[in-house]
Protein chains: 2
Amino acid sequence: MKVSELSRASGISVATIKFYLREGLLPAGDPTAANQASYGPAHLHRLRLIRTLTHVGNLSVVQTRAALAAIDDPALSTHDILGVAIDALPHALERADASEDGAQARRDADEFVDSLGWQASPGAPARAVLADALLALRQLGREVGPDVFAPYADLADALAAQELATIPADAPRDETVEAAVIGTVVFEAVLVALRRLAHGHHSAQRFATPNGPAASR
Amino acid sequence: MKVSELSRASGISVATIKFYLREGLLPAGDPTAANQASYGPAHLHRLRLIRTLTHVGNLSVVQTRAALAAIDDPALSTHDILGVAIDALPHALERADASEDGAQARRDADEFVDSLGWQASPGAPARAVLADALLALRQLGREVGPDVFAPYADLADALAAQELATIPADAPRDETVEAAVIGTVVFEAVLVALRRLAHGHHSAQRFATPNGPAASR
DNA sequence: TCCAATGGATAGTCAAACTATCTAAAAGTA
DNA sequence: TACTTTTAGATAGTTTGACTATCCATTGGA
């Protein structure tokens, strides 16, 4: 396959394919001459994976490169790779920690995570996200403890157990790994979308005015 | 309160406060002279709300303005406002629809959403997200039908019902509205963070190699 | 043969979210 | 009152991320 064909097959412009090549997301094709290389189905698959991570999973190019590098490294276990995906959280800007309230939120969030008995590294971005959430709720006037997270933790626990159970533990590493990463990233988008839709559904039951603009929703 | 004081109290630079003022996210202060205005606690609260939506909820400035405008419009019901938050989905880039496979994914996603019996507008971004997810899974080699979403829909349904139940239906509109928006946006971040943490926990059980880098995670 | 396509390098674009500078005037301070 | 600081408002500049476009010296294919 030539670039132009790869481009047509993937729906991604040649310029963008070259960009992914430059950025190290896509391996180079087999060089057949000084200015010619041929690409195989693996390249097409890789492009789709890149687009899934960037466009569906909202990973940045840098995060995508890290995730792909982990997938490619045969020395890493599936668990290690999941770790990369987990650490590639979209946000986690460390808003907390700056103020005393922020530091308190961070301590509360850490304590909550640890109380779950899940081993999570002290630097896991998810901790910062929880701390930020807690800080935001408090600054907006809600007097909440870390236990507001409890129902979500139960849910997440059950969900993760179920999701990981669908991944065969004895399949070839490549398949396992890709299934795990895809599952983490695309079903996150699915979950979020369905939750918002469900909010719309249930709020109609509780709050809708018969003649408001909501009637058309 | 003067800008400088508002800045100190909120931790947001004067330049950024001016930016939010220009962008219409923050209402102007009470003018006391040609070049002087005073700000109250409501402004501080508004700033915190802005930062929560943008930094915790990952809304863009434009989406944040839309959400705030909806919150401010007394003609809108709580349900209408939830709709704005729902439509402010971070992604939904309409990847599908371009190809035949994409169009099929879109039809499947729509059919699934409609089968749930939730009323969702035909243009709801969440539909596009689901279609994109379905398309990505299929292009990556999984032969999946829209029923892969079913467990997530059940979960989302239960979750949304529970979340909305915590909002008092008879409280003042302003409180209801803010509680709904904050709940949608910040607990989404919480849910995502905890799910990733739970993935790490459960993957350790299934995939961890005793001596890999995972040992330190 | 000769024109379109290619790899590789470099530069340019565009949007988003700030950040900085400037101006005239009002406020605080000694 | 003289002087330094702060302010609102306007305008311009910066930074980052993700592409997108140009150039050039080959090649490949009609």
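**Entry 1: the two chains**

I looked up the contact between the protein chains and found that 93 residues of chain A touch 94 residues of chain B. The model is a predicted one, and I keep that in mind for every entry. Chain A and chain B bury about 9,100 Å² between them. I noted that 70% of this buried area is on carbon and sulfur atoms.

Next I looked for charged pairs. The rule finds four salt bridges across the interface of chain A and chain B. I picked out one of them, between A:Glu188 and B:Arg196, where the closest N and O atoms are 2.7 Å apart. For polar contacts across the interface of chain A and chain B, I recorded 20 residue pairs.

I then asked which helices of chain A supply at least two residues each to the side that touches chain B. They are H3 (41-56), H5 (78-87), H6 (100-115), H7 (125-139), H8 (150-165) and H9 (173-207). H9(A) gives the most to this side, with 27 residues. By class, I wrote down 55 nonpolar, 23 polar and 15 charged residues for the side of chain A that touches chain B.

**Entry 2: DNA strand D**

I moved on to the DNA. There are 21 residues around DNA strand D, and those that come nearest are A:Arg22, A:Ala34, A:Asn35, B:Val3 and B:Ser4. Of the atoms of DNA strand D that come within 4 Å of the protein, sugar and phosphate account for 66%.

Which parts of DNA strand D do individual side chains approach? A:Arg22 has a polar side-chain atom 2.8 Å from a base oxygen of DNA strand D. B:Lys18 has a polar side-chain atom 3.1 Å from a base nitrogen of this strand. For B:Tyr39 the partner is a phosphate oxygen of DNA strand D, 3.0 Å from an N or O atom in the side chain.

Both chains are involved here. Helix H2 (14-22) of chain A supplies at least two residues to the surface near DNA strand D, and so do H1 (3-10), H2 (14-22) and strand S2 (36-38) of chain B. H2(A) gives the most, with five residues. I classed the residues of this surface as nine nonpolar, eight polar and four charged.

**Entry 3: DNA strand C**

I repeated the search for DNA strand C. Of the 20 residues around DNA strand C, I listed A:Val3, A:Ser4, A:Lys18, B:Arg22 and B:Asn35 as the ones that come nearest. Sugar or phosphate makes up 65% of the atoms of DNA strand C within 4 Å of the protein, and the rest belong to bases.

I checked three side chains. A base oxygen of DNA strand C is 3.1 Å from an N or O atom in the side chain of A:Asn35. B:Arg22 places a polar side-chain atom 2.9 Å from a base oxygen of DNA strand C. B:Thr16 has a polar side-chain atom 3.1 Å from a phosphate oxygen of DNA strand C.

I found that H1 (3-10), H2 and S2 of chain A, together with H2 of chain B, give two or more residues to the surface near DNA strand C. The largest share, five residues, comes from H2(B). The classes near DNA strand C are eight nonpolar, eight polar and four charged residues.

**Entry 4: a strand pair in chain A**

Last, I looked at the strands of chain A. S1(A), residues 30-33, and S2(A), residues 36-38, run antiparallel and are joined by three bridges. I noted A:Pro31 opposite A:Ala37 in S2(A). A hairpin of two residues connects S1(A) to S2(A).

How values were computed:
Residues numbered from 1 in each chain as written. Chains lettered and ligands numbered in written order. Predicted model: local features only at pLDDT ≥ 70, side-chain atom pairs only at ≥ 80, totals over all residues. Heavy atoms only, no water. Near = heavy atom within 4 Å. Polar contact = N/O pair within 3.5 Å; in protein donor to acceptor, adjacent residues only side chain to side chain. Helix = DSSP H or I, 4+ residues; strand = E, 2+ residues; numbered from the N terminus. Nonpolar A, V, L, I, M, F, W, Y, C, P; charged D, E, K, R; others polar. Pairing = 2+ DSSP bridges. Contact = heavy atoms within 4.5 Å. Buried area = accessible area lost by both parts, 1.4 Å probe. Salt bridge = Lys/Arg side-chain N within 4 Å of Asp/Glu carboxyl O.
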